[in-house]
Structures are given as structure tokens and as C-alpha cells.
Amino acid sequence: GKAYGVRIDIQPSGNPGVVVTLENLRADPALTVGSTVSSGRTKIGRVIDLSQVERAGLARYTQDNGQHVHIEVHPASALASP
């Protein structure tokens, strides 16, 4: 029941009808609600280490514990509060 990391939702200015959701991150402290982000320029955060609480299926294919960022793209109307 414990939450690990944060969920960050980004609504692209060029396509406001969708939301890009990123999970398994520790948000960069400089990032605030309403911040403008740019691809390849803005640091969103760092991948968190979940190896103490789960074994990632990707681990057998990588040279680490399989840590990753979960990314979803969905319609903006589908955005729901946790």
C-alpha cells in the first residue's frame, strides 16, 4: 500500500487533446505544477530504484535491476485524479 515515486502528467502544447504520463520517477525539485518543459532540455526527474520492493521482469534482459520509467499517452479527458 505504500506509494513509490511520483506520477508526472504533461499536456503537450502542440496537442492539448492528449496527456503524457510518466511514472517511477523522483521529480526534479525545480519542476513545479504548470512548468513549461521542452524535449531534450528540461530535466523531469530521476528513475527510482524499486529493486527493494519488486523484481522487474526487465531485469533478465538488462545489466541492472530493470529499473525503468513507465510512459502512457492517453486522451486528456481520461485524466483522473488518483
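Let us start with one residue: T21 is buried, because its relative accessible area is 2%, and buried means under 20%. Keep in mind as you look around that this is a predicted model.

Where along the chain does T21 sit? You will find T21 in strand β2, which covers residues 18-27. Now look at what surrounds this residue. Setting aside residues up to four places away in sequence, T21 touches R7, I8 and D9, and also H70, I71, E72 and H74. One of these partners deserves a second look: the side chains of T21 and D9 are joined by a polar contact of 2.7 Å.

With T21 in mind, step back to the whole chain. How many helices and strands does the chain have? The count is zero helices and four strands, and reading along the sequence gives the pattern β-β-β-β. The chain has 82 residues, and buried residues make up 18% of them; T21, as we saw, is buried. On the outside, the chain exposes about 6,300 Å², and carbon and sulfur atoms supply 50% of that area. Contacts also link distant parts of the sequence: among contacts with a separation of 6 or more, 42% are between residues 24 or more positions apart.

Next, follow the chain into the loop between β2 and β3, where β3 covers residues 45-47. L31 has its place in this loop. Is L31 buried, exposed or partly exposed? L31 counts as partly exposed because its relative accessibility is 21%, and that class lies between the cut-offs of 20% and 50%. Leaving out neighbours within four places in sequence, L31 is in contact with I8, V37 and I44. You have met I8 already, since T21 touches I8 too. To see how this loop is placed in space, find G45: L31 and G45 are 14 residues apart along the chain, and their C-alpha atoms are separated by 8.4 Å.

Our last stop is T36, which is also found in the loop between β2 and β3. Why does T36 count as exposed? T36 is exposed because its relative accessibility is 73%, and exposed means over 50%. Try locating Q11 as well: T36 and Q11 are 25 residues apart in sequence, while the distance from C-alpha to C-alpha is 9.7 Å.

Put the three residues side by side and you have a short tour of the accessibility classes: T21 is buried, L31 is partly exposed, and T36 is exposed.

Conventions
Residues are numbered from 1 along each chain as its sequence is written. This is a predicted model: local features need pLDDT of at least 70, side-chain atom pairs count only at pLDDT 80 or more; totals for chains, interfaces and linings use all residues. Side-chain values use heavy atoms; hydrogens and water are left out. Helices (H or I, at least four residues) and strands (E, at least two) are DSSP runs, numbered from the N terminus. Buried means under 20% relative accessible area, exposed over 50%, partly exposed in between (1.4 Å probe, protein chains only). A polar contact is a pair of N or O atoms within 3.5 Å; within protein, one must be able to donate a hydrogen and the other to accept it, and residues adjacent in sequence count only if both atoms are side-chain atoms. Contact means heavy atoms within 4.5 Å. Accessible areas come from the Shrake-Rupley method with a 1.4 Å probe; for residues, only the protein chains shown count as cover.
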